[in-house]
Amino acid sequence: MLLALSVALFALIHLVPAFPRLKARVSAGLGKSYGPAFGIASLLSLALIVLAWQGADRSPVYDPPDWGFRANLALNFIAMLLLAIFLFRGRLRQVLR
């Protein structure tokens, strides 16, 4: 529960700049210390997330089959090859298109 609340706090702190009127109101109240206060609040909420994560119970969400590890390696290898071909201009890039 603490982990969920700390993530929600982190999200709320970072939503303040998304709303101009709210940011202006908070900035007017804090003055020049808005930036440092925002940074300190962000760091404290991040530290709370880390502490809550360390104390949270571990439970597996998914247990892959035995062949899943090898399939993951093979598919990631193919994906990286295709990404490299896409990033570097050349004849293979035109062939793949």
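**Burial, exposure and a nonpolar surface patch**

In the predicted model, R97 is located in the segment that follows helix α5, which spans residues 91-96. The relative accessible area of R97 is 67%, and the residue is therefore classed as exposed, since the cut-off for exposure is over 50%. With respect to F86, which is 11 residues away along the chain, the C-alpha atom of R97 lies at a separation of 9.4 Å.

A contrasting environment is found for S6. This residue belongs to helix α1, which comprises residues 2-15. Its relative accessible area is 0%, so S6 is buried, the limit for that class being under 20%. When residues up to four places away in sequence are left out of account, the contacts of S6 are with L48, I49 and A52.

Helix α1 also contains L12. Unlike S6, which is buried, L12 counts as exposed because its relative accessibility is 55%, and the threshold for this class is over 50%. L12 is one of the residues that form a nonpolar surface patch of about 510 Å², together with L15, F19, L22, V26 and L30. Two elements, α1 and α2 (residues 20-30), each supply two or more residues to this patch. The largest share, 3 residues, is provided by α2.

Helix α1 thus holds both the buried residue S6 and the exposed residue L12.

Technical notes: Residues numbered from 1 in each chain as written. Predicted model: local features only at pLDDT ≥ 70, side-chain atom pairs only at ≥ 80, totals over all residues. Heavy atoms only, no water. Helix = DSSP H or I, 4+ residues; strand = E, 2+ residues; numbered from the N terminus. Buried < 20%, exposed > 50% of the residue type's maximum accessible area, 1.4 Å probe, protein only. Contact = heavy atoms within 4.5 Å. Patch = residues over 30% accessible without salt bridge, like charges linked within 9 Å, V, L, I, M, F, W, Y side chains within 5 Å. Areas by Shrake-Rupley, 256 points an atom, 1.4 Å probe, with all protein chains shown as cover. Salt bridge = Lys/Arg side-chain N within 4 Å of Asp/Glu carboxyl O.
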